[in-house]
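Trainee: Please pick a single part of this model and go through it closely. After that, place it against the rest of the chain.

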Amino acid sequence: MTADDDYFALLDRAKEQLPEVMENHERFVIPEADVIQEGKTTYIRNFIDIAETLRREPQNILQFMLRELGTPGIIEGRRAVLKAKVGTPQINDKIRVYADTFVICSECGRPDTKLVKDDRTLILECEACGAHRPVNVRKGSRSDNVNQLREGDVIEITISDVGKKGDGIGKMMDYLIIVPGTVKGATVHAKITKISAKTAFAAVTTEPATR
Ligand SMILES: [Zn+2]
């Protein structure tokens, strides 16, 4: 073997080892839902793939999401079927909350964790760095925000009623949404302009829905 051969052999070995090293530092990416809506049904087409990436029982993830979204649903083949119209951003937000709560290690950010029961507390144990933390199912903050509209949100809404002044009215997440210039039965994109308690005013827009 010449010195060059040695060098190349060394280089090859270094290359072989490279992917492993990179994988260890790669940031875990929470899978995005592949969502389609048909009427009042929402399908998450890659639900089982998401569960496999998160390495959690599909049923556990589904039950969590159904509870958070307040909708019934089932697993059918590799997809989840929600019996309600749910937007893609809302679904992805729930998957993120689930992953943050039940999967991702808060010390090292890796998903290589398992859940263990210690007395009555659920503990998230990290196989990558050895950290432990109790699972805190967050009530409020982030997950409540999902059910709150904000000014500037663009929603897709079906006008189910007409108010005294002739404005179209729809309902979404406990809000009464007033959309001037719309007729009963119409489904429109509307941008929230003003919110007062559980009543929101919105204007028809061509912008894509943000929620
Ligand atoms: Zn860790």
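Mentor: Two strands pair if DSSP finds at least two bridges between them. On that basis β10 (residues 168-172) and β11 (residues 175-179) are a pair, antiparallel and joined by five bridges. The model is a predicted one, and the part to look at closely is the sheet that holds these two strands.

Within the β10-β11 pair, Ile169 has Ile178 of β11 as its bridge partner. Ile178 also stands opposite Phe201 in β13. That second contact belongs to the pairing of β11 with β13 (residues 199-204), which is parallel and has three bridges. β13 is in turn joined to β12 (residues 187-196) by six bridges, and those two strands run antiparallel. One of the positions along this pair is Ala190, which stands opposite Val204 in β13. β12 and β13 form a hairpin with two residues between the strands, where Ala197 takes a positive phi near 55°.

Put together, these strands belong to an open sheet of six, ordered β8-β12-β13-β11-β10-β9, with mixed pairing. The edges are β8 (154-158) and β9 (161-162); each has a single partner strand, so one side of each is left without a neighbour in the sheet.

The approach to β8 deserves a look. Asp153 sits in the loop between α5 (141-145) and β8. Is it buried or exposed? Asp153 has 18 C-beta neighbours inside 10 Å; because a residue needs 20 or more to be buried and 12 or fewer to be exposed, Asp153 counts as partly exposed. In space it is 7.6 Å from Ala209, C-alpha to C-alpha, although 56 residues separate the two in sequence. Leaving out residues up to four places away in sequence, Asp153 touches Ile192, Thr210 and Arg211.

The other region to set beside this sheet is built on four strands. They make an open sheet in the order β1-β2-β4-β3, with antiparallel pairing. Here β1 (35-38) and β3 stand at the edges with a single partner strand each, so one side of each is left without a neighbour in the sheet. From one strand to the next the twist averages 20°.

β1 and β2 are linked by four antiparallel bridges, and Val35 has Ile44 as its bridge partner in β2. The two strands form a hairpin with two residues between them, and Gly39 in the turn has a positive phi of about 60°. β2 is also joined to β4 by three bridges, again antiparallel, with Tyr43 opposite Val81 in β4. The two faces of β2 differ in cover: Thr42 and Ile44 make up the covered face, Thr41 and Tyr43 the uncovered one. α3 lies across β3 and β4 and runs at about 155° to β3.

Next comes α2 (residues 47-54), whose buried residues are Phe47, Ile50, Ala51 and Leu54. They lie on the same side of α2, because they cover an arc of only 100° around the axis. Their cover includes β2 (41-44), α3 (58-69), β3 (73-76), β4 (79-82) and α4 (88-102). After α2 comes Arg55, with a positive phi near 55°.

In soluble globular proteins, nonpolar side chains tend to be buried together. In this model the largest nonpolar core has 21 residues, and those touching the most other members are Ala33, Ile44, Ile50, Ile61 and Ile91. Two or more residues come from each of α2, α3, β4, α4 and β6 (121-126), and α2 gives the most, four residues. Ile44, on the covered face of β2, touches Ala33, Asp34, Val35, Arg79, Ala80 and Ile91, not counting residues up to four places away in sequence. Another core lies apart from the largest one; it has 13 residues, including Ile177, Ile192, Ala200 and Ala202. This second core leads back to the six-stranded sheet: Ile192, which belongs to it, is also one of the residues that Asp153 touches.

For the chain as a whole, the count is five helices and 13 strands. Of its 211 residues, 20% count as buried. Among contacts with a separation of 6 or more, 43% join residues 24 or more positions apart.

Methods: Residues numbered from 1 in each chain as written. Predicted model: local features only at pLDDT ≥ 70, side-chain atom pairs only at ≥ 80, totals over all residues. Contact = placed C-beta atoms within 7 Å. Arc of directions from axis to C-beta. Core = buried A, V, L, I, M, F, W, Y, C linked by C-beta atoms within 7 Å. Axes fitted to C-alpha atoms, helices over the stretch in contact; angles between N-to-C directions.
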